[in-house]
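Student: I should like to examine the structure shown here. May we proceed by question and answer?

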Amino acid sequence: MSLRLLLALILVGLTGCAAPTLVGPGVVRVDGLQLQTPIAWSQRGRAGERQWTVDGPLLNALEIYTRVKPGELLFDLPSAKQREGIRYREGMSELELQELVADGLLAAGVVDIKLLGLRPARLGEAAAVEFELTFANAAGLRYQALALASQANDELTLLLYYAPAEYYYERDRSTVTSILRSARQAPN
């Protein structure tokens with residue numbers, strides 16, 4: 001399966017959405033979160049499922065999932081409907097959250113996933129976990145990913161950045177890290 005098909009599957013729920021809009025630089029409110037971005041991004045999606053990209057989703061993407069409730073699929077993929085392993089469950093451990101993301105990516109068709117760097121973090125005032133993953137598409141292109149996941153108020157929030165490991169991941173890593181560090185619940 002190509003990465004193009006992977007992204008199409010991940011974004012299957014976004015197909016009816018309006019054309020991409022520009023966000024940032026600066027403070028951006030998105031689905032109950034407040035993020036500080038030093039650069040502009042193209043955004044598409046709907047409430048609860050946003051995708052930001054600079055160069056196009058095959059080269060870099062920051063996926064923003066908010067308000068995922070217990071029992072809901074993290075990635076709403078047609079191939080995942082029967083896979084209980086990618087449904088969010090309240091009170092998941094840090095390792096289970098990392099495996100939830102990995103299982104979702106596997107359902108989308110990536111291969112050779114490796115889980116890396118699990119560590120405690122914060123999403124504003126809420127406890128969170130930050131971790132890394134690597135994976136490949138069917139053609140063998142290696143990707144690296146950085147994620148921040150938080151469970152608060154019985155809901156999951158996930159920010160997942162991925163890009164080809166060869167160049168784009170390292171190019172944008174410090175920018176994405178600063179965005180993840182800035183993430184907090186938006187004031188009402």
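Tutor: Leu115 lies in strand S7, residues 111-123; strands are DSSP runs of E of at least two residues, and helices runs of H or I of at least four, numbered from the N terminus. The model is predicted, so local features need pLDDT of at least 70 and side-chain atom pairs pLDDT 80 or more, while totals for chains, interfaces and linings use all residues. Residues are numbered from 1 along each chain as its sequence is written, and side-chain values use heavy atoms, without hydrogens and water.

Student: What is the relative accessible area of Leu115?

Tutor: Buried means under 20%, exposed over 50%, and partly exposed in between (1.4 Å probe, protein chains only). Leu115 is partly exposed because its relative accessible area is 36%.

Student: Which element gives the most residues to the largest nonpolar core?

Tutor: A nonpolar core joins buried Ala, Val, Leu, Ile, Met, Phe, Trp, Tyr and Cys residues through side-chain atoms within 4.5 Å. Of the 28 residues in the largest one, Leu74, Val101, Leu156, Leu158 and Leu160 touch the most other members. The elements giving two or more residues include strand S6 (61-68) and helix H2 (94-107). With six residues, the largest contribution comes from H2.

Student: Which residues does Pro120 touch, leaving aside those up to four places away in sequence?

Tutor: Pro120 is also found in strand S7, and it is exposed, with a relative accessible area of 65%. Counting contact as heavy atoms within 4.5 Å, and leaving out residues up to four places away in sequence, Pro120 touches Glu94 and Ala128.
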